[in-house]
Structures are given as C-alpha cells and as structure tokens.
Amino acid sequence: MDDTVLKLLEELEQVVDEGRSSPFSNKVQVDKDEIFEIIDEIKMKLPNEIKQSKWVIEERNKILVDAQKEADEMLKEAEVRLGKLVEEHAVTKKAYEQASEIMEASKKSAKEMRLGAIEYADDVMGVAEQRLREMQDTIEQENQKIIEFFRENINVIFENRQELKGVKKD
C-alpha cells in the first residue's frame, strides 16, 4: 500500500485517538471536517495504486511479447543455419543433426522464457492483488470505526435531548 495512504490512515486514527473524550464512556468528539478531509485525500491516493497495478500488467505483456520475439528470432536463425548447412554437400548429414539440436534448444529456450515471464508476471500481479486487498480491508475497518463513532454520538445526543425534554416538563 502506498506509504502516503498508510500515513493518512494513521493520521485518521490519531484524530480519533486525540478526540475529546466523553465522561464515563469510550466515545470521543472529533472534528468532522478534519476526518472528511483525510478521507478525501485517501480517495485521491487510491487511483495511484490502481495505476501501478495496470503498469505491472503492461510490463508483464511487454515481457511476454519480447520473449516471443526472441524465440521467433532464434527459430529464424536456426532455419537460416539449416539452409546453409544443407547446401554444403559434404556436411549435409551433420547439418541435419545440428539443425535439429538448434531447433530443440531454441524451442526449449523459448518455452523457458515464456514460462519465466508468465511466472514473474503472476508473482507481481499477486503482490499487487494482495496490496489492494489489504488496502480495501483497512479502509473498510476505518469506515466501520467512523460509522460506529457517528452512531454512538447520535445516540448520546438523542439521549441528552430526551433528558432535556424530561427536565423541561418537570
């Protein structure tokens, strides 16, 4: 997760921790505008994480394309070598053997490159997925804390109003 987003979440926690405590309860009063300002900053930073994920996917695709190009070039090179060897009458048999080895080595190398590129891309995308899941969990937890905070404060205000109405009637 982006360090900036983590710092903003820590700042949000600090605002709640430093809020003025209500006597005889675990409720605190915080500056609503300050909370919303931090939440807005978090929302602005999240698209950067998504852009990074897209970049990882694009890089994976570039690696796969480059690996395929290199494999194709190796196969073309092997075909050219094979053609030259066949033209030489004295070494025709040897040429077939070498060409076969080159083709096999090229195919094996190309396959290994493709598998390596796919594995690398999968690893990078797995890390990006995990980071996004962690961010989502953190934001959901913070949202739940905020909702609970507002719910508790609304209840306190409602109870206070009820007490005021009871005093007013007496």
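**An aromatic cluster and an enclosed cavity**

Phe-36, Phe-149 and Phe-150 together make up one aromatic cluster in this structure, which is a predicted model. A search over the whole structure returns 2 aromatic pairs. In one of them, the rings of Phe-36 and Phe-150 are stacked, with 6.5 Å from centre to centre and 15 degrees between the planes. This contact links distant parts of the chain, since Phe-36 belongs to helix α2 (residues 32–87) and Phe-150 to helix α3, with the two positions 114 residues apart in the numbering given as their separation. The pair of Phe-149 and Phe-150 is edge-to-face, with a centre-to-centre distance of 5.3 Å and an angle of 70 degrees between the planes. Phe-150 therefore takes part in both the stacked arrangement with Phe-36 and the edge-to-face arrangement with Phe-149, under a definition in which planes under 30 degrees apart count as stacked and those over 60 as edge-to-face.

The members of the cluster can also be described by their solvent accessibility. Phe-149 has a relative accessibility of 14% and counts as buried, because the class is assigned to residues under 20% relative accessible area. Phe-150, at a relative accessible area of 27%, is partly exposed, and Phe-36, with a value of 39%, is likewise partly exposed.

Two residues of the cluster recur in the description of enclosed space. The structure holds 1 cavity of 30 Å³ or more, and the volume of the largest cavity is about 30 Å³. The lining of this cavity is formed by Val-16, Val-30, Ile-35, Ile-146, Phe-149 and Phe-150, so that the buried Phe-149 and the partly exposed Phe-150 both appear in the cavity wall as well as in the aromatic cluster. Helix α3, which spans residues 92–169, gives the most to the lining, with 3 residues. In chemical character the lining divides into 6 nonpolar residues, with no polar and no charged residues.

Outside the cluster and the cavity lining, a further position was examined in a loop. Ser-25 is found in the loop between β1 (20–21) and β2 (28–29), and its relative accessibility of 33% places Ser-25 in the partly exposed class. Ser-25 and Gln-52 are 27 residues apart along the chain, and their C-alpha atoms are separated by 43 Å.

Notes. Residues numbered from 1 in each chain as written. Predicted model: local features only at pLDDT ≥ 70, side-chain atom pairs only at ≥ 80, totals over all residues. Heavy atoms only, no water. 1 Å grid on protein atoms, 1.4 Å probe; cavity = no way out; pocket = protein on both sides within 12 Å on 5 of 7 lines; lining within 4 Å. Points joined across faces, edges and corners; volume = space filled by probe spheres on them. Helix = DSSP H or I, 4+ residues; strand = E, 2+ residues; numbered from the N terminus. Nonpolar A, V, L, I, M, F, W, Y, C, P; charged D, E, K, R; others polar. Phe/Tyr/Trp six-rings, centres within 6.5 Å; stacked < 30°, edge-to-face > 60°. Buried < 20%, exposed > 50% of the residue type's maximum accessible area, 1.4 Å probe, protein only.
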